[in-house]
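Please work through the exercises below with the sequence and the model side by side, trying each task before reading its solution.

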Amino acid sequence: MIRLHQIIAILLIFSSCNSDGERKETTENDNWYRGPIIDMHMHAESNNTLPPEKLALCLPLSNLVPHFDPKEEFGKVWDSTLKNPRCKTPIYSSTTFEDYSLRIQDQLNKLNVTPVVSGSQSILEEWSTKFGDKIIPSIEFNLERDSISVDSLKAIINTHDIKVFGEISNQYAGIAPNDPRMDSYYAMAEALNIPVAIHLGTGAPGSPYLFSPKYVAAYSNPLLLEEVLKKYPRLRISVMHYGEPFIDEMITMMYHYPQIYVDLGGIQWAYPSDYFYEFHLKKLISAGFGKRIMFGSDTFIWPELLEKSIEIINNAKFLTTEQKADIFYNNAARFLRFKK
């Protein structure tokens with residue numbers, strides 16, 4: 001028979017274990033950033049851009065199709081994967097703007113996020129009506145897709161109080177960032193003091209076989225921006241996806257051109273976290289550029305990508321609380337000239 005003093009001893013042991021566990025959990029979360037967040041990379045969706053049926057996303061994106069035999073059609077494999085998820089907790093897309101916008105609103109409120117939202121003029125107007133001043137409007141642009149003159153674009157920016165020129169997605173059209181056709185647009189942005197956000201980096205796996213047959217991976221190289229920055233030295237550039245996988249080239253450009261900032265846009269969930277931490281984020285931090293890394297979620301048809309993206313950065317144990325505050329808010333606020 002267990003005596004009373006033995007019972008007390010056992011209870012004390014369990015109490016001690018629980019307390020240790022609570023202290024451990026508290027300690028691990030002590031440097032989680034819980035302040036306001038600026039998301040430099042969110043896409044504005046509408047009823048016209050949302051899929052007609054629910055699609056399931058499993059992370060990381062790089063392993064969504066773990067292997068592929070080209071005897072099959074990649075598009076069919078991709079579609080089948082999105083409709084028949086292999087993971088236990090997939091994120092499902094919305095099929096209506098009403099449901100999608102409610103989920104976005106929930107994410108923004110719960111996580112205290114102000115997003116830079118990229119979209120066409122008409123979609124941005126829809127979002128402005130829905131979200132008001134809770135978003136920062138950014139006009140998307142692609143030379144091949146958008147037949148809009150510099151003067152017309154300038155009028156849109158001024159009339160609709162557009163804060164960012166981007167996402168410039170020319171890479172998907174096989175157009176390099178230093179293509180001479182972009183010169184007048186860069187000159188306009190420099191003259192208006194409006195920052196430019198340009199896609200340099202990874203798209204969806206198999207992009208050339210899906211929706212971007214002209215996509216050129218080599219155009220992710222940040223060295224292609226050198227000519228641009230020499231022509232337009234007052235241009236503020238945010239390199240979306242931080243030119244991944246050209247990390248060393250990105251570091252070289254950040255070293256020589258101190259006005260360049262980068263956003264993490266979706267790469268944190270595109271690859272396994274250990275890889276992203278060790279070979280991407282930690283390398284940029286170690287190179288000394290923690291003051292020019294900005295948070296970006298690359299949220300589009302799956303609203304909860306925002307929360308997942310925040311968790312991945314907060315789970316980076318090598319980041320200090322100050323570094324997280326810089327990534328989540330301070331650097332973007334400085335880049336956007338919200339504060340000095």
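The exercises that follow treat confidence, the disulfide, two helices, the pockets and the cavities of this predicted model.

**Exercise 1. Find out how confident the prediction is along the chain, and which stretch calls for caution.**

Solution. Begin with the chain as a whole, where the mean pLDDT is 91 and 91% of the residues reach 70 or more. Then turn to residues 1-27, over which the pLDDT is below 50, and which have two contacts in the model beyond near neighbours in sequence. Where pLDDT is low, the predicted coordinates should not be read in detail.

**Exercise 2. Locate the disulfide, give its handedness, and state which parts of the chain are joined by it.**

Solution. The count of disulfides comes to one, and the pair is formed by Cys-58 and Cys-87, with sulfur atoms 2.0 Å apart. For the handedness, take the torsion about the S-S bond, which is about -80 degrees, so the disulfide is left-handed. Next, place the two residues: Cys-58 belongs to the loop between β2 (56-57) and α2, and Cys-87 to the loop between α2 and β3 (91-92), so the pair ties together parts that are 29 residues apart in sequence. Finally, compare each accessible area with the cut-offs, by which buried means under 20%, exposed over 50%, and partly exposed in between. Cys-58, with a relative accessible area of 9%, is therefore buried, while Cys-87, at 27%, is therefore partly exposed.

**Exercise 3. Decide whether Pro-245 is buried, partly exposed or exposed, and place this residue in the chain.**

Solution. Pro-245 is found in the loop between β8 (237-240) and α8. Its relative accessible area is 48%, so Pro-245 counts as partly exposed. As a further step, consider Tyr-172, which is 73 residues away from Pro-245 along the chain and whose C-alpha atom is separated from that of Pro-245 by 16 Å. Tyr-172 is also one of the residues that lie nearest the centre of the largest pocket.

**Exercise 4. Describe how helices α10 and α11 are set into the structure.**

Solution. Start with α10 (residues 273-286), whose buried residues are Phe-276, Tyr-277, His-280, Leu-281, Leu-284 and Ile-285. In an α-helix there are 3.6 residues a turn, so residues three or four places apart point the same way. The cover over the buried residues of α10 includes α8 (247-256), α9, β10 (293-294), α11 and α12 (321-335). After α10 comes Gly-288, which has a positive phi, near 100 degrees.

Now take α11 (residues 305-314), in which seven of the 10 residues are buried, so this helix is largely enclosed by the rest of the structure. The buried residues of α11 are Leu-305, Leu-306, Ser-309, Ile-310, Ile-312, Ile-313 and Asn-314.

**Exercise 5. Give the volumes of the two largest pockets and describe their linings.**

Solution. The largest pocket holds about 1,200 Å³ of space, and its lining has 44 residues, of which His-43, Tyr-172, Phe-211, Ser-212 and Phe-300 lie nearest the centre. Among the elements, α2 (74-83), β4 (113-119) and α9 (267-270) each supply at least two lining residues, and α2 gives the most, with four. Sorted by class, this lining has 21 nonpolar, 15 polar and eight charged residues.

For the second largest pocket the volume is about 150 Å³, and the residues that line this pocket include Ile-157, Asp-161, Lys-163, Arg-236 and Phe-338. Six of its lining residues are nonpolar, two are polar and three are charged.

**Exercise 6. State how many cavities of 30 Å³ or more there are, and what lines them.**

Solution. The count comes to two. In the largest cavity there is about 40 Å³ of space, and its lining includes Met-40, His-41, Met-42 and His-43, together with Val-116, Glu-167 and Met-240. Two or more lining residues come from each of β1 (37-43), β4 and β6 (164-168), and the largest share, four residues, comes from β1. By class, six are nonpolar, five polar and one charged.

The second largest cavity has a volume of about 30 Å³, and among the residues that line this cavity are Ala-189, Glu-190, Arg-234 and Arg-337. Its lining divides into four nonpolar, one polar and four charged residues.

Definitions and conventions
Residues are numbered from 1 along each chain as its sequence is written. This is a predicted model: local features need pLDDT of at least 70, side-chain atom pairs count only at pLDDT 80 or more; totals for chains, interfaces and linings use all residues. Side-chain values use heavy atoms; hydrogens and water are left out. pLDDT is the predictor's confidence in each residue, from 0 to 100. Contact means heavy atoms within 4.5 Å. Buried means under 20% relative accessible area, exposed over 50%, partly exposed in between (1.4 Å probe, protein chains only). On a 1 Å grid over the protein atoms alone, a cavity is a set of points where a 1.4 Å probe fits but cannot get out, and a pocket is an open set with protein on both sides within 12 Å along at least five of seven lines; lining residues have an atom within 4 Å of a point. Grid points are joined across faces, edges and corners, and a volume is the space filled by probe spheres set on the points. Ala, Val, Leu, Ile, Met, Phe, Trp, Tyr, Cys and Pro count as nonpolar, Asp, Glu, Lys and Arg as charged, and the others, Gly among them, as polar. A disulfide is a pair of cysteine sulfur atoms within 2.5 Å.
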